[in-house]
Amino acid sequence: KAEAQALARQALDKALAIEPDSIAAHAARFRYAVRVDFAWGEARAELDRMRTLDPKDALLLPECEATFASVTGHLTEAIKIQGQIAHRDPLNAAAIGTLAFYLLHADRFEESLALFRQELRTNPHAIGNHALIGVNLALLRYGDDALAESARVAVERHVNAVAGPRDHDLARPAVHDDVERFDGGAGDRRDAPVHPRLELLR
């Protein structure tokens, strides 16, 4: 893992050396700072650089701004920005799922559940979606329904192990990453702190 992370960092540095003003490269470096190094100062610097390069960017910049707001404890701001992203592109399943995740951590369980289900309708292969639906249902105290979703997670794992990686898998972490992030792990849209009420599930 450490070797892969080092290679990734080298690739990012090389990309920026070749094209210092690439907003995509700065966005990638931002994500690395957040997800791998947990280097908030570096992440903020990359975000500021992106704002300088293209303050009107409607794709990468808002996504990174929402992520930074979430990891620095400004969840209301993260929800606002992510909601705008999802509104602009209602067929962007990943954006919908990310908004649902932020709402989950804001204790807005009904809204979160509805959006996770919308994500699944938009992308039936959204890996980890059933796990997050199950978490919402458990927090809403729909125990039987939560268990049913957990059973579907096990099926997802089996199907994906047999089928191997597919294109749509590359955009989402594996199911165990969705569960891990609630135990203190980090993922792409999952960089928010552990929800305290998840202790109810232990």
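In the predicted model, the axes of H2 and helix H3, the latter spanning residues 40-53, approach to within 8 Å and cross at roughly 165°. An angle over 145 degrees counts as roughly antiparallel, and H2 and H3 are therefore roughly antiparallel to each other. Their crossing is left-handed. On the side of H2, the residues that take part are Ile23, His26, Ala27, Arg29, Phe30, Ala33, Val34 and Asp37. These meet Trp40, Glu42, Ala43, Glu46, Leu47, Arg49, Met50 and Leu53 in H3. Sorted by class, the contact of H2 with H3 contains ten nonpolar residues, one polar residue and five charged residues.

The loop between H2 and H3 holds phenylalanine 38. The phi angle of phenylalanine 38 is near 50°, which is a positive value in a residue other than glycine. Phenylalanine 38 has a relative accessible area of 46% and is thus partly exposed, since the partly exposed class lies between the limits of 20% and 50%.

Helix H2 (residues 23-37) also packs against helix H1 (residues 2-18): the two axes come within 9 Å and cross at roughly 155°. This angle makes H1 roughly antiparallel to H2. The crossing of H1 and H2 is left-handed. From H1, the contact draws on Gln5, Ala6, Ala8, Arg9, Leu12, Asp13, Ala15 and Leu16. From H2, it draws on Ala25, His26, Ala28, Arg29, Tyr32, Val36 and Asp37. Nine nonpolar, two polar and four charged residues make up the contact of H1 with H2.

The wider setting of these helices is the protein chain, which has ten helices and zero strands. Read from the N terminus on, its elements follow the order α-α-α-α-α-α-α-α-α-α. The protein chain comprises 202 residues, of which 45% count as buried. Among contacts in the protein chain with a separation of 6 or more, 51% are accounted for by residues 24 or more positions apart.

In soluble globular proteins, nonpolar side chains tend to be buried together. In this model, the largest nonpolar core has 28 residues. Within this core, the residues with the most contacts are Ile79, Leu99, Tyr102, Leu104, Leu115, Phe116 and Ile133. At least two residues of the core are supplied by each of helix H4 (60-71), helix H5 (75-88), helix H6 (93-105), helix H7 (109-122) and helix H8 (129-139). H6 provides the largest share, with eight residues. Another core lies apart from this one and has 13 residues, among them Ile23, Val34, Leu47 and Phe68. Three of these names recur from the packing described above: Ile23 and Val34 in H2 and Leu47 in H3 belong to the contact between those helices.

Two residues of helix H7 were examined individually. Leucine 113 is located in helix H7. With a relative accessibility of 6%, leucine 113 counts as buried, because this class covers values under 20%. When its neighbours within four places in sequence are left aside, leucine 113 is in contact with Ile133, Asn136, Leu137 and Leu140. Ile133 is also listed among the residues with the most contacts inside the largest nonpolar core. Between leucine 113 and leucine 103, the separation is ten residues in sequence and 8.9 Å in space, taken from C-alpha to C-alpha.

Glutamine 118 likewise has its place in helix H7. Its relative accessibility is 27%, so glutamine 118 counts as partly exposed. Leaving aside its neighbours within four places in sequence, glutamine 118 is in contact with Pro90 and Ile96. Glutamine 118 and isoleucine 96 are 22 residues apart in sequence, while their C-alpha atoms are 7.5 Å apart in space.

The loop between H6 and H7 contains aspartate 107. Aspartate 107 has a phi near 65°, a positive value in a residue other than glycine. With a relative accessible area of 42%, aspartate 107 is partly exposed.

Methods: Residues numbered from 1 in each chain as written. Predicted model: local features only at pLDDT ≥ 70, side-chain atom pairs only at ≥ 80, totals over all residues. Heavy atoms only, no water. Axes fitted to C-alpha atoms, helices over the stretch in contact; angles between N-to-C directions. Helix = DSSP H or I, 4+ residues; strand = E, 2+ residues; numbered from the N terminus. Parallel < 35°, antiparallel > 145°, perpendicular 65-115°, else oblique. Left-handed = near helix turned anticlockwise from the far one by under 90°. Contact = heavy atoms within 4.5 Å. Nonpolar A, V, L, I, M, F, W, Y, C, P; charged D, E, K, R; others polar. Core = buried A, V, L, I, M, F, W, Y, C linked by side-chain atoms within 4.5 Å. Buried < 20%, exposed > 50% of the residue type's maximum accessible area, 1.4 Å probe, protein only.
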